Amino acid sequence: MSQPNGYDEFDEEEQIDLQAELDEGFAEIEQKYAVDAQAGVENVLVVDNLPIVDESKRQRLVERLRQVFEKAGAGIDEDRLSMPWDNEKGTNKGFVFLTYPDAQQAENALRVLDGTQFGKAHTLYVNRFGDIEKYANMPVGEGELPTGWREKSYVEKDHLRSWLGDAVGRDQYLTFRDQDVNVFWNGRNGNAEPVRGPDGKPIKNSKWGELYLQWSPLGTYLASLHRVGVALWSGPKLDGPIGVNVLRFTHPGVRLIQFSPQENYLITWSEEPLENYEDHPTAALRETFGPDDEGNQFVVWDLKAQRVLRTFPADKPVMGEDGPRPMSWPVFKWSPDDAYVAKVNVGQSIAVYELPGMGLLDKKSVKIEGVQDFEWCPMSDKDWEARKAGKGKENMIVYWTPEAQNQPAKVNLMGLPSRDVLRSKNLFNVTDAKFYWQNQGDYLCVKVDRHARKAKTKKATFCNLEIFRIREKNLPVEVIEHKDYVPQFAWEPHGNRFAIVSTNDPNYGQGVPGVVIKYNVDFYQPDPKKGDFTLIKHFEGKLANTLVWSPKGRHILFATIGSSTKYDIEFYDLDFTIDDNPNRREVEPGANVQLLGTGEHYGITDIAWDPSGRYVVSSASSWRQTPEPGFTIWDFKGQQLAHSSLDKFKQFLWRPRPPTLLSKDAQRKVRKELKEHSRVFDEEDAAEENRGSAEKLAQRQREIAEWNAWRARNLARLAEARKARGKEIVKVANTEPADEKVEEWIEELIDETEEVVVA
Amino acid sequence: MKPIILQGHERSLTQIVFNAEGDLLFSASKDNVVNVWFTSNGERLGTFGDHKGSVWTVACDSQTKYLVTGAADNTMRLWDVRSGKCLYVWEFLTAVKRVAWSEDDEMLLSITEQRSGQPSVIRIFKINREDPANQSSTPLREIILTGSKATVALWAPLSDHIITGHESGKVAKYDTKTGEEVMVVEESHRGEITDIQLSPDGTYFITSSKDKTARLFDSETLQEMKVYPTETPLNSACIAPLRPYVILGGGQDAMSVTTTSSRAGKFESRFWHKLFEEEVGRVRGHFGPINTLAVHPQGKAYASGAEDGFVRVHWFDDSYFRSRPYGDLEPEVEL
């Protein structure tokens, strides 16, 4: 028996080897000649989620579709569009095939068509024909897991806002000293209690103290900056197993970060441009950044996915009158709803990017000749409700352009994404303009620094306050001319009052050492009768250069910061009444402005209200060269509750709170029943005070007991040793008489006369 | 508490000590002289003025009979307190930074500076009290220090041991008989130790340091008992008898003082509660850093000597003894 190929001539082992070799060969061949699902149909797309129509509307649907495709820039002939028909039901099947002339056109069409709105109810989903085939043919049945898929056990994530569930509603704060970062509950009367994790130990992380820290705007995340990037910590422990509560963003040399207002995105900036990390040993860098990112310094991240959305290069520095202007952070500004982020290209345009795609809005930036600066209009609680109901206003920005070629300077308000200019106001002799939005977006003040008309230099010497009423029709503007220079402006949060600091001191801005600049502080509010803003209170010759409103309005601080000799803080109440008579305010505006208290914090560099508006912290950071680093907690009345003087103290940060979840009605109800609530709180306050002091007392008693016991032991031992040597000491004190008397003899020559005695 | 200001030195103070009865105060200064004052009225009793360099250290025996001083002229001198006469001079190769009497007044210790190839040396001398002008120039024991130099030292109770504070922040204990290091705590402080003073009964002692803290140690075990953290480098610390306080003094470095206000310099004496480790009060007045503090042996007064050249003697008011900042929580009175 002989085979032509002589297969039998090989022994068993050799046969196995051969078989293996053949198998391998077959696999190679199979792979080579496998049918590529994509091949041949690269130019075919499937458009899904169409409206279902019957025969009568068939042609109209096709026409509409072609119009939409044409408008989007991916037009198609009718004969290349095929719509499968369900003959039984007499309707279409809800999708069409598009066959483009070549793959390139199909790719383009895919990009521009996918996600297109079709009518009100339909969004078109576009896929490659090959993809549908490919995924449909995946060797996975319904409900099965693909091969190689490992099921991860479900890990319960901690609640990101658990800190708001504190039984007594305390706020948290963070202190950063030397390398140590501590998080505390701010108890009543300045009692600090370390924030403890579920294990009962104070929350602590040695990694936090590398560069600096920052809370996210709603308080959910604690961001710590490191040389290699940013880490965001959250949850009740501000930690957790890796991947559960820590978000990491790799960006070497990161210096500045900025959260979007709704905490969906993050922008990081590094002084060092990104390099080409293709062959970098660190996987995180290799995978995060591509070759296109090389040389860029800004990175926009999707915060929850920890994914890069886009990177940007640094701007060339803008040249001012004296050299390049320093970069003013934030460079990118977010719309309040996280829908857009925009950046000004000084003198040319504002680039508005749409989230989450980070593409330019309508594919082009907003060209504005000469544009200097802009700001987004904030959204009020009502705006949010309207937005949720689907009928909110569009976003709005304000920007200004300086004078050029007989054109006046201008402040414009523009709606986005429509790009409609809603209001325009001409200005003259402008040196600079700054925007101040009231935090609910009700008012906008443009502080226009002006110079004299024929002045040689453009140094600002006086100031106009242009106040826009955003809620009123046609956005009326009111102008308040101020003859002095106004370095500070501040709206009352949620209110309609504002305060300004002005000065006519010739030494202002000269930096003359030892000269204390005097400022005037003015309060304005709308006149109830005439409706225009009028001065209600004027303070002359104050040393304060900083105004800080309470986040709840009504209370305001004047602080002197950055002086080498004055460190005063003054606490004011704008609605101070002894009796509960709300009518008085209307009778005489400004009559209820009352100084509640004054304080002094030696070496103060920063001041911040807590989110509740009940406490204030003044701090002195060693980063800013203060003679005495540390912080002081005050209540809103100016009473000092706690002071810590800490060497190498760097940062004090209140944890922000998200807006309240209570509806307007619920808030009103609380306000109505305030007396009832406050009685309960007073009781709790008293209980807490007792508990705190009892704990302290017990500890002190323990310390005394320990000390006495230790001393008794040591003294006995020493006495014994002395006795053994016969060296007992007789106490000097015991032998000494009570107080000794020291007598002083003072001789004084009262009078001296010389007489010649004549004999 | 109006202080008595002792103006008599032309340069900054280096060390001040009360005698055992507390009626005299000896002050050593960089102007080469040691003054002795009546503490009750601030009148100067006399001077000891033979040194040719800054006097770094001074110590008075328990009978107020003999005084010993050490100075930058590389000498240590023994003086008769009553007459002010210099009885004996020891000469060394480097400056004498610290001197101290043993408990029984029979022995002296001296620390000499480490300089120009000379190591820091602790020497123990036997003192001839009968014939004071006739002293032995060779020490009883010589402890040559390797490693960080000693800056301060004192005798442990019973004089079997010397406790030293070092430039590196270490605290060590040496056997006076063998000269061996018997106990050491390497990183007691994170900076140079600037002063060391014993408690009234000798069972514990306090150290001050440039690391801005003062610490209390058990003299027997060198175990750290308490820490007093401040925000300024400390130059001196002492333990008040009668009341449960320690007094700390210091201030920003003398070199950078001229540019700042006296407040920024933190030139106050600080009173801390010895047990609770909390600051209870401050006394202002100096316009230079406090270099040395001393407390009246019966706890009736304390004195501070500063870079500004003044000594301020504060007699405690009645309110100091009566006040109970922590209510009834009082440890046993120590004297």
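Select B:Cys60 to begin: this cysteine is buried, with a relative accessible area of 17%, where buried means under 20% relative accessible area, exposed over 50%, and partly exposed in between (1.4 Å probe, protein chains only). Moving on to B:Cys238, you reach another buried cysteine, whose relative accessible area is 0%. Over all chains the structure holds zero disulfides, a disulfide being a pair of cysteine sulfur atoms within 2.5 Å.

Before going further, note that this is a predicted model, in which local features need pLDDT of at least 70 and side-chain atom pairs count only at pLDDT 80 or more, while totals for chains, interfaces and linings use all residues. Residues are numbered from 1 along each chain as its sequence is written, chains are lettered from A and ligands numbered from 1 in the order in which they are written, and side-chain values use heavy atoms, with hydrogens and water left out.

**Chain B: a hairpin**

Select residues 34-38 and 44-48 of chain B, which are strands β4 and β5, running antiparallel and joined by four bridges. Strands (E, at least two residues) and helices (H or I, at least four) are DSSP runs numbered from the N terminus, and two strands pair if DSSP finds at least two bridges between them. Within this pair, B:Trp37 has B:Arg44 of β5(B) as its bridge partner. Five residues lie between the strands of the hairpin, and at B:Gly42 the phi angle is positive, near 80°.

**Chain B: B:Glu21**

Next, centre the view on B:Glu21, in the loop between β2 (13-18) and β3 (24-29) of chain B. B:Glu21 counts as partly exposed at 32% relative accessibility. Add B:Thr64 to the selection to display a polar contact of 3.2 Å between the two side chains, B:Glu21 and B:Thr64; such a contact is a pair of N or O atoms within 3.5 Å, where within protein one must be able to donate a hydrogen and the other to accept it, and residues adjacent in sequence count only if both atoms are side-chain atoms. Then add B:Gln298, which is 277 residues from B:Glu21 along the chain, although their C-alpha atoms are separated by 7.7 Å.

**Chain B: a salt-bridge network**

Which residues should be selected to display the network of salt bridges that includes B:Glu231? Its members are B:Glu231, B:Glu268, B:Arg270, B:Glu279, B:Arg282 and B:Arg284, and a salt bridge here is a side-chain nitrogen of Lys or Arg within 4 Å of a carboxyl oxygen of Asp or Glu. Between B:Arg282 and B:Glu268 the side chains meet at 3.5 Å, N to O. This pair links distant parts of the chain, 14 residues apart, with B:Arg282 in strand β25 (residues 279-283) and B:Glu268 in the loop between β23 (245-250) and β24 (269-273) of chain B. B:Arg282 counts as partly exposed at 33% relative accessibility, whereas B:Glu268 counts as buried at 6%. A search of the whole structure finds 48 salt bridges over all chains.

**Chain A: two further salt bridges**

Turn now to chain A, whose secondary structure comes to 10 helices and 47 strands, and of whose 759 residues 40% count as buried. Select A:Asp432 and A:Lys434, whose side chains form a salt bridge at 3.1 Å, N to O; A:Asp432 is partly exposed at 26% relative accessibility, and A:Lys434 is also partly exposed, at 38%. Then go to helix α8 (residues 664-672), where A:Asp665 and A:Arg668 lie three residues apart, about one turn of the helix. Their side chains meet in a salt bridge of 3.2 Å, N to O, and A:Asp665 is exposed, with a relative accessible area of 54%.

**Chain A: A:Thr546 and an open sheet**

Select A:Thr546, which belongs to strand β39 (residues 546-549) of chain A and counts as buried at 17% relative accessibility. A polar contact of 2.9 Å joins its side chain to that of A:Asn545. Leaving aside residues up to four places away in sequence, A:Thr546 touches A:Gln488, A:Leu557, A:Phe558, A:Ala559 and A:Ile561, with contact meaning heavy atoms within 4.5 Å.

Finally, display the open sheet of four strands in chain A, whose order is β43-β44-β45-β46 with antiparallel pairing. Its edge strands, β43 (606-609) and β46 (640-645), each pair on one side only. Strand β45 (residues 630-635) pairs with β46(A) in the antiparallel sense over five bridges, and here A:Ile633 stands opposite A:Ala642 of β46(A).
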